[in-house]
Amino acid sequence: MSDVLELVDVSVVRDGRALLDEVSWSIKEGERWVILGPNGAGKTTLLNVASSYLFPTRGTVSILGDRLGKVDVFDLRPRIGVAGVAMSEKLPKRQTVLQTVLTAAYGMTATWNEDYEEVDKDRALAFLDRLGMTEYTDRRFGTLSEGERKRTLIARAMMTDPELLLLDEPAAGLDLGGREDLVRRLGRLARDPLAPSMIMVTHHVEEIAPGFTHVLMIRQGKVLAAGPMETELTSRNLSLCFGLPLVVERNGQRWTATGLPLK
Ligand SMILES: Nc1ncnc2c1ncn2[C@@H]1O[C@H](COP(=O)(O)OP(=O)(O)OP(=O)(O)O)[C@@H](O)[C@H]1O
Ligand SMILES: [Mg+2]
């Protein structure tokens, strides 16, 4: 069976600077990956490559068995669900939550008429329910809180029944309760064998839901560590990644990281 994602020596160069620097990385079916790295490390750039929206300057990329450059990206993109800040900004604020999720089924950001298939509406409602958004379906997207908006975007990303789901900082800006709620929901999704392959970008190990299996750490566009969470999510790797001494601990199925006190 081919890999869900395979990058070989991928570089993205802009203005003479490598935003991604010879990144090699592969994801097998059933794996759920977390990407960790400081601001500007290249995490979002990497997701843009993985979602076929950005072609690398060098190297080869295969997504869901198709080689970027040889496949029609318009066939590939519906197979990939993306939830991130960039998408949030493209969506009309006046549209209702239900419409926001529904338009994904038609590969658009805005509604052009109200003529949706009932079956799509039912699917949208089911995803919204799974994300705890049932009470908000008629609210305008622009009036949602940060947490409600994030949950709507994840429901939207699920709408095309993607084989690969990419989440860029889904818990950023959430309060403690909102974060814990989202981690629980993502954990449920990550452990569902029928759910798509998942890649989640985050800055905080506290946001890693149980069920995520692998971690990729990047710094200045370079891969620092990649592999199973148990072996790679170590104090040493995390300290190198963020450039300061950190202690990472596992508490049951969750992780925490703290800086060492100054001497
Ligand atoms: N089109 C572009 N042209 C030039 N530089 C760019 C371009 N897009 C991104 N960059 C730069 O590439 C670097 C990596 O950006 P990227 O958005 O991938 O970082 P990130 O790891 O997602 O950071 P953050 O945690 O802040 O979201 C940044 O320094 C950014 O300024
Ligand atoms: Mg980013």
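Here is a short walk through the model, selection by selection.

Before you click, note that this is a predicted model, where local features need pLDDT of at least 70, side-chain atom pairs count only at pLDDT 80 or more, and totals for chains, interfaces and linings use all residues. Residues are numbered from 1 along each chain as its sequence is written, chains are lettered from A and ligands numbered from 1 in the order in which they are written, and side-chain values use heavy atoms, with hydrogens and water left out.

**Stop 1: the four-stranded sheet**

Start by colouring strands; helices (H or I, at least four residues) and strands (E, at least two) are DSSP runs, numbered from the N terminus. Pick out the open sheet of four strands in the order 2-1-4-5, paired antiparallel. Strands 2 and 5 are the edges, each pairing on one side only. Pairing here requires that DSSP finds at least two bridges between two strands. As a reminder, strands of a sheet pair through backbone hydrogen bonds, either parallel or antiparallel.

Now select 5–14 and 58–63. These are strand 1 and strand 4, which run antiparallel and are joined by five bridges. Leucine 5 sits opposite isoleucine 63 in strand 4, and leucine 7 is opposite valine 61.

Add 66–67, which is strand 5, antiparallel to strand 4 and held to strand 4 by two bridges. Here serine 62 faces arginine 67. Strands 4 and 5 make a hairpin with two residues between them, and leucine 64 in the turn has a positive phi of about 50°.

**Stop 2: glutamate 6**

Go back to strand 1 and show glutamate 6. Is it buried or exposed? Neither: its relative accessibility is 34%, so glutamate 6 counts as partly exposed (buried is under 20% relative accessible area, exposed over 50%, partly exposed in between, with a 1.4 Å probe and protein chains only). Leaving aside residues up to four places away in sequence, glutamate 6 touches Trp25, Ser26, Thr60, Val61 and Ser62, where contact means heavy atoms within 4.5 Å. For a sense of scale, draw a distance to arginine 17: the two are 11 residues apart in sequence and 23 Å apart in space, C-alpha to C-alpha.

**Stop 3: two aspartates with positive phi**

Select aspartate 15, in the loop between strand 1 and strand 2 (17–27). Its phi is near 50°, a positive value in a residue other than glycine. Aspartate 15 is exposed, at 84% relative accessible area.

Then jump to aspartate 161, in the loop between helix 6 and strand 7. Phi of aspartate 161 is near 55°, again positive in a residue other than glycine, and its 58% relative accessibility makes it exposed.

**Stop 4: the pockets**

Switch on a surface. The largest pocket holds about 690 Å³ of space. On a 1 Å grid over the protein atoms alone, a cavity is a set of points where a 1.4 Å probe fits but cannot get out, and a pocket is an open set with protein on both sides within 12 Å along at least five of seven lines; lining residues have an atom within 4 Å of a point. Grid points are joined across faces, edges and corners, and a volume is the space filled by probe spheres set on the points.

Of the 27 lining residues, Tyr53, Ile80, Val82, Met87 and Arg156 lie nearest the centre of the largest pocket. Which helix gives the most to this lining? Helix 3 does, with four residues. By class, the lining has 15 nonpolar, eight polar and four charged residues (Ala, Val, Leu, Ile, Met, Phe, Trp, Tyr, Cys and Pro count as nonpolar, Asp, Glu, Lys and Arg as charged, and the others, Gly among them, as polar).

The second largest pocket has a volume of about 270 Å³. It is lined by 19 residues, with Val4, Glu29, Gly30, Glu163 and Ser197 closest to its centre. Nine of its lining residues are nonpolar, four polar and six charged.

**Stop 5: the core and helix 9**

Hide the surface and select Phe212 and Leu233, which touch the most other members of the 51-residue largest nonpolar core. Such a core is a set of buried Ala, Val, Leu, Ile, Met, Phe, Trp, Tyr and Cys residues joined through side-chain atoms within 4.5 Å. A second, separate core of 31 residues includes Val23, Ile35, Ala41 and Leu47.

Finish on helix 9 (residues 235–242), whose buried residues are Asn237, Leu238, Ser239 and Cys241. Among the elements they pack against are strand 3 (32–36) and helix 8 (229–232). Just after helix 9, glycine 243 takes a positive phi of about 70°.
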